[in-house]
Amino acid sequence: MAPFSLIIVFLSLITQLIILSSPTIARHVLPPSPGYRPSTKFRSMRFSQGFENLWGPQHQKFDQHALTIWLDSSTGSGFKSRKYYRSGYFGASIKLQQGYTAGVITAFYLSNAEVHPGHHDEVDIEFLGTTFGKPYVLQTNVYIRGSGDGDIIGREMKFHLWFDPTRGFHHYAIFWSPKEIIFLVDDIPIRRYLRKSPYTFPLRPMSVYGSIWDASSWATEDGKYKADYRYQPFVAEYANFKAAGCSAYAPLWCRPVSVSPYRSGGLTKRQFWSMRWVQRRYLFYNYCEDSSRDHSLTPECWK
């Protein structure tokens, strides 16, 4: 090979290493296809078919395609599903606001806090607001039987995204069955949380929620940057709502849905590879790897 060709190959390899090591540049590198697209297997619904306002009705606006909610200095807004579920696939396409959004949380999650206040379960997808020029953080979390109340025991995993979530709608979903929870972004699994014990897994029925609210005390770089209402209103758009599964009052023989071709659940090899690819490149915080945490409180990390 000619010396000039060797230089070209060397520069190409260096470029690839820079791309993979840079969170900003790496956002343009697409994950490998998972092969299976669960969002196409579940029917979309209009907001009014399956959801209702929870708080801040004056900060909600509907059109035929999307629900817009916003936060200003007076209040935020939230909504919930009309049904409780004991398993299922729950998703929505979400578009986030550009610019300064520090301190602001945009969320899509499962919870039973209204039924079990002070001792509830919760499964979260949360977008942590940011400052100019920095990417959003997508945080996933699981709380079990009050670990989100009082002395909080979080099970956070935090990701950057391989796209700009402010430039268009992307589909975010939570799959919850009696044996696993899978978080998905545009049908790509990013996290799988297995049931290793009934004490570390949510089993009581939950509703589906969405909200936008001020979490300045912790949301952006552990509270370093606060919500700045000179940039209000802070807006989030939700569309393409999906909620499919066994409701709390479904017959006992109701069979949980799946996000893979396997009716028994789990992931295909391609789905698993896509998840590992994302985690290697975009996962930057895993509670199980945090040496400052007391892992006797999170035994799923070492069992």
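**View 1. Glu122 sits in strand S7, residues 122-128.** The model shown is predicted. Glu122 is buried, yet has no salt bridge. Arg204 carries the nearest side chain of opposite charge, and that side chain is 10 Å away. A polar contact is present instead: the side chain of Glu122 meets the side chain of His120 at 2.7 Å. Beyond its neighbours within four places in sequence, Glu122 is in contact with Tyr109, Leu110 and Ser111. Asn141, Val142 and Tyr143 also contact Glu122, as does Met206.

**View 2. Seven strands make up an open sheet.** The strand order is S2-S3-S14-S5-S10-S11-S12. Pairing in the sheet is antiparallel. Strand S2 (60-62) and strand S12 (188-194) are the edge strands. Each of these two pairs on one side only. On average, neighbouring strands of this sheet are turned by 20° against each other, direction ignored.

**View 3. Strand S2 pairs with strand S3, residues 66-71.** Three bridges join these two strands. S2 and S3 run antiparallel. One residue pair to pick out is Lys61 with Thr68: Thr68, in S3, is the bridge partner of Lys61.

**View 4. Gln60 lies in strand S2.** Is Gln60 buried or exposed? Its relative accessibility is 9%, so Gln60 counts as buried, the cut-off being under 20%. Two polar contacts of the Gln60 side chain can be traced here. The side chains of Gln60 and Asn53 are joined by a polar contact of 3.5 Å. The backbone oxygen of Gly78 is reached by the Gln60 side chain at 2.9 Å. Not counting residues up to four places away in sequence, Gln60 touches Asn53 and Trp55. Leu67, Thr68, Ile69 and Trp70 are also touched by Gln60. Ser77, Gly78 and Phe79 complete the list of its contacts.

**View 5. Phe90 belongs to strand S5, residues 85-95.** That strand stands between S14 and S10 in the sheet order. Phe90 has 1% relative accessibility and therefore counts as buried. Residues up to four places away in sequence are left aside in the contacts that follow. Phe90 touches several aromatic side-chain residues, among them Tyr85, Phe108, Tyr172 and Trp176. Leu110, Ala173, Ile174 and Val208 are touched by Phe90 as well. So are Lys242 and Ala243. Lys61, of the View 3 bridge pair, is 29 residues from Phe90 along the chain. The C-alpha atoms of Phe90 and Lys61 are separated by 22 Å.

How values were computed:
Residues are numbered from 1 along each chain as its sequence is written. This is a predicted model: local features need pLDDT of at least 70, side-chain atom pairs count only at pLDDT 80 or more; totals for chains, interfaces and linings use all residues. Side-chain values use heavy atoms; hydrogens and water are left out. Two strands pair if DSSP finds at least two bridges between them. Helices (H or I, at least four residues) and strands (E, at least two) are DSSP runs, numbered from the N terminus. Axes are lines fitted to C-alpha atoms, for helices over the stretch in contact, and angles run from 0 to 180 degrees between N-to-C directions. Buried means under 20% relative accessible area, exposed over 50%, partly exposed in between (1.4 Å probe, protein chains only). Lys and Arg count as positive and Asp and Glu as negative; His and the chain ends are not counted. A salt bridge is a side-chain nitrogen of Lys or Arg within 4 Å of a carboxyl oxygen of Asp or Glu. A polar contact is a pair of N or O atoms within 3.5 Å; within protein, one must be able to donate a hydrogen and the other to accept it, and residues adjacent in sequence count only if both atoms are side-chain atoms. Contact means heavy atoms within 4.5 Å.
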